[in-house]
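Below are some notes for a colleague who is opening this entry for the first time. Please read them with the structure in view.

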Amino acid sequence: MLRSQTQSRFKTWLMPWQGIDGWLLILPAALTVLGGIMIRSTELTRTVEWWQHWVIGGIGLAVALLIASWRYEKLLDWHWVTYGITNVSLIVVLIIGTTVNGAQSWITLGGFNIQPSEFAKLGLIITLAAILHKHSAKTIPDVVRVLAIAAVPWFLVFIQPDLGTSLVFGAITLSMLYWANANPGWLLLLVSPLVSVILFSAYFHGWIAWAAITVFIAWRTLPWRLYGVGGTLVMNLVAGELGHIVWGLLKTYQKNRLISFFNPEIDPQGSGYHIIQSRIAIGAGQLWGRGLNQGTQTQLHFIPEQHTDFIFSAIGEELGFAGCVFVLIVFWLICLRLVMIATRAKDDFGSLLAIGFLSLIVFQVTINIGMTIGLAPVTGIPLPWLSYGRSALLKNFLALGLIESVANHRPRKRY
């Protein structure tokens, strides 16, 4: 009798979380634990970062569970407030922010550095999800409206300057537009100027081929064909010419990062140093790794700031190819759970929230791991749940709680 009452009370206590996705909590928690272990391995004096990572992760997990029991639909009534807070925080950091590594992205409060641009990612996801929930992106005016709304926080981040985070904003916006039924051809036309900037100066014949492709896409997808074709051609031509101007506007460290991406050996002791040392570390790990706290590149600290953006190189050296594959599988499973929640959500708002967070995870994992092995330029994008960074870690758990709320309140199957 007593056992039955205890079980009944336990079930009643768990009632607010009966629909959550357990794996979507377990997998990020496992990455957070691994992140703390690897952060400790990279620290020169075994200071406080590794246990701070776990403390913030524990707090974030508790907050995520709290958010999961709360109905996410209430955010629909507050999305403009969320948008306003997001932009105000980004303006404040431009006024009183602290500059670190060339970017004025942090606000110091009580001895803690807070990075508003990390929380702005979540603010943008909530705002766009609410807008696209009310109006899909089936028409060009709908797409333009979403782009205009996303452009404000994007610009405020870009001028910090934080190129990496601004790219994340772009990935989130395009992915959510696609999920909201925007024509894929339109999205390709939106990114075509960026490709033109690269090809126009580096490979002109390639730019001609790319311009021909975009003209064909414009002819097939835009409502006013002649105007669309002409506008697309002019846009790509102007973008190519503006590439020289944009290059001049970039900070010196941003230019060096791009140059070192194509050829790190040009400046092996400067801008190419991180990439070269990271590739050496990952290659040295071979299949099973050198062992925890045994990696020479990691323990001798050849890679500066390894506990943040280059944490994957420590995993590759000390846990080897097997450890890297494990991490990739965990991220793949997280993304799979997010897709499942997006497809089973009870409304478009919940589905778009899941897709927005999915695009953030996919883009950051791809770019971060790509830059550690020399397949992407160094942009300062952290590896979710593994890189040290209190603002990024807390934001990821806040977003996770929001997605768990979507899962928790989806329609139940009836048998």
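1. N293 is found in the loop between α12 (273–285) and α13 (296–299). The model is a predicted one, and in it N293 has a positive phi of about 65 degrees although it is not a glycine. Is N293 buried or exposed, or partly exposed? With a relative accessible area of 27%, N293 is partly exposed, because buried means under 20% and exposed means over 50%.

2. A second non-glycine residue to check is W385, whose phi is positive at about 70 degrees. W385 lies in the loop between α15 (348–372) and α16. Its relative accessibility is 1%, so W385 counts as buried.

3. W385 also appears in the largest nonpolar core, which has 85 residues. Those that touch the most other members are F331, I334, L353, F357, W385 and L386. Which helix gives this core its largest share? That is helix α14 (residues 311–344), with 13 residues.

4. L353 can be followed further through its contacts. With neighbours within four places in sequence left aside, L353 is in contact with Y72, I125, I126 and A129, and also with L402, I403 and V406. Another core, of seven residues, lies apart from the largest one; among its members are A281, F310, M371 and V378.

5. How many cavities of 30 Å³ or more does the structure hold? There is one, and about 40 Å³ of space lies in the largest cavity. Its lining is made up of Q364, P382, L383, P384, W385, S387, A392, L393 and N396, so W385 returns here as a lining residue. Helix α16 (residues 390–408) supplies the largest share of the lining, three residues. By class, six lining residues are nonpolar, three are polar and none is charged.

6. The strands come last. Strand β1 (residues 98–100) and strand β2 (residues 103–109) run antiparallel and are joined by three bridges. The bridge partner of T99 in β2 is Q104. Two residues lie between the strands of this hairpin, where N101 takes a positive phi near 55 degrees.

7. Strand β2 is also joined to strand β3 (residues 112–114) by three bridges, and these two strands run antiparallel. What stands opposite T108 in β3? The residue there is N113.

Notes: Residues numbered from 1 in each chain as written. Predicted model: local features only at pLDDT ≥ 70, side-chain atom pairs only at ≥ 80, totals over all residues. Heavy atoms only, no water. 1 Å grid on protein atoms, 1.4 Å probe; cavity = no way out; pocket = protein on both sides within 12 Å on 5 of 7 lines; lining within 4 Å. Points joined across faces, edges and corners; volume = space filled by probe spheres on them. Helix = DSSP H or I, 4+ residues; strand = E, 2+ residues; numbered from the N terminus. Nonpolar A, V, L, I, M, F, W, Y, C, P; charged D, E, K, R; others polar. Pairing = 2+ DSSP bridges. Core = buried A, V, L, I, M, F, W, Y, C linked by side-chain atoms within 4.5 Å. Buried < 20%, exposed > 50% of the residue type's maximum accessible area, 1.4 Å probe, protein only. Contact = heavy atoms within 4.5 Å.
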